[in-house]
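Please look through the sequence and the model first, and then use the notes that follow as a guided reading of a few selected features.

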Amino acid sequence: MTTIEPWQLRAEFARRLSEMHGSEVPAYTTLVDVSHEVNADVLRRHGADAERLGSISRVTAERHGAIRVGTPAELHQVARVFGAMGMHPVGFYDLRDAAASAVPVVSTAFRPIEPGELARNPFRVFTSMLTSADPRFFDADLRQRLENFLARRQLFPPELLELADRAQRYGELSEVDADRFLELAVGSFELSAEPVDKAWYETLEQISAVAADIGGVTSTHINHLTPRVLDIDELYRRMSARGIEMIDAIQGPPAWRGPDVLLRQTSFRALAEPRSLRLPDGTVTTGSLRVRFGEVEARGVALTRRGRALYDDLTGQITQESADPDARRDDVARAVWQRGFPDSERGLIEQGLAYFTYHVNRRSERPSSRLRDLLDQGVVRAEPIVYEDFLPASAAGIFQSNLNGAGTRDDAKDAAHYDRDWLAGAIGREIHDPFLLYERQQNDSIADVATTLGKAVALT
Ligand code: OOG
Ligand code: NI
């Protein structure tokens, strides 16, 4: 009997989700088409160099999704469904303070964590949970109503959760079960036709459009599905030229002459989608809601903690210097980077700013124990480890630029505390530290180099 492994479930889930989302949001299909065109052009122009941060087949299939849920119990169920597909929670993002507008969520990303699994299919889902206990957004009465509403809904059918648990327990599903699992999983993220209670939705919308999208409806849905592109500046130009309204900026590091690092993202604005609304007198009409947008991203090398601190510092400098009304943010950003960031991979290695794997090119009679010398001699080469995660400021920027009103937040009240340990406890799983995952991959490769050369080697 043929059995289906977690990575096959993940790849097929990503494929079917993409098909479903394309039928719901046609502009997404345009975004995917334009991304493919840009990628083909970059590949033609740069040849093998274009694939330094991932093979073209990986990049072409690569997507991240974004979903939003209301409670720890719902997030726990999400962890079961994604766990079946070999996707584990990585990182903790608190977007409540990263955004100027009211974005009352904390988030994690479910993704594969082993290099081999990432190579098979890197599908990841940025998953946000409403912070209903935060009194800056929800007073006691509204919190109670919200939590009662959320407690009554069911996002995932029990059959799906049972199949997910079976997949986790046995590490595989039969073909028949896999097909049923995928059908139910994709169905759980479709936009529901169930009428939205207009008054309740609007009550939450006054606080935050994100709160209304999560807690104002009885189901969840995929908010966006993001393709990866090799030249995001070119993509931005081509989408704008097609008359698609993009947000003002590309989030993340600037376009510059040095290596691509971390993550650059941009999006087209949320589109009005017809939704069925129930009015207070019980009649049902068709209205429209603007919630779902389209996003695209370019990925670069993963930074170490030190590299990340430098990134955050430069980002702060850019914000400060572009406050000057005569300054153009793009020019400021490029200047700040040229001044403060190494413009070569070798520079990143020297300063311990980014993660790489190391590989032996050729044997050597008496090899040095310093990786730096081995690189100079061409005995060893370094390959960048691609950043698989997200950036809180960019995520907040993407959320925010797709909200119409700023919402309300009462900063006189104390924030409710949520952190990584709390989230791990709530979903009963470890939340992986992204830095440790990259570091392990780098260290494993250095250990392999040492084994091959028959000599202990070290990075410094
Ligand atoms: C998530 C927004 C953040 C990203 O890629 O940083 C995000 C959402 O809108 O639910 O998707
Ligand atoms: Ni996203």
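In helix H1, the buried residues are Leu9, Arg10, Phe13, Ala14, Leu17, Ser18, Met20, His21 and Gly22. This is a predicted model, and the points below take up this helix, a metal site and a pair of strands.

**Helix H1**
- An α-helix has 3.6 residues a turn, so residues three or four places apart point the same way.
- Helix H1 covers residues 6-24, and because each of its 19 residues should add 1.5 Å, the expected span is 27 Å, which agrees with the 26 Å that separates its end C-alpha atoms.

**The nickel site**
- The nickel ion (ligand 2) has three protein donors, His64 (NE2), His224 (NE2) and Glu295 (OE), which lie 2.1 to 2.2 Å from the ion.
- His64 belongs to strand S2 (residues 63-69) and Glu295 to strand S12 (residues 294-299), so this pair ties together parts of the chain that are 231 residues apart in sequence.
- Along the chain, the donors of the nickel ion (ligand 2) follow the spacing H-x159-H-x70-E.
- Are these two donors buried or exposed? His64 is buried, with a relative accessible area of 1%, and Glu295 also counts as buried, at 3% relative accessibility.

**The hairpin of S10 and S11**
- Strand S10 (residues 272-278) and strand S11 (residues 284-290) run antiparallel and are joined by seven bridges.
- Arg278 has Val284, in S11, as its bridge partner.
- Five residues lie between the two strands of this hairpin, in which Gly282 takes a positive phi near 95 degrees.

Notes
Residues numbered from 1 in each chain as written. Chains lettered and ligands numbered in written order. Predicted model: local features only at pLDDT ≥ 70, side-chain atom pairs only at ≥ 80, totals over all residues. Heavy atoms only, no water. Helix = DSSP H or I, 4+ residues; strand = E, 2+ residues; numbered from the N terminus. Expected span 1.5 Å × (residues − 1). Buried < 20%, exposed > 50% of the residue type's maximum accessible area, 1.4 Å probe, protein only. Donors = N, O, S within 2.8 Å, 3.2 Å for Na, K, Ca; no water. Pairing = 2+ DSSP bridges.
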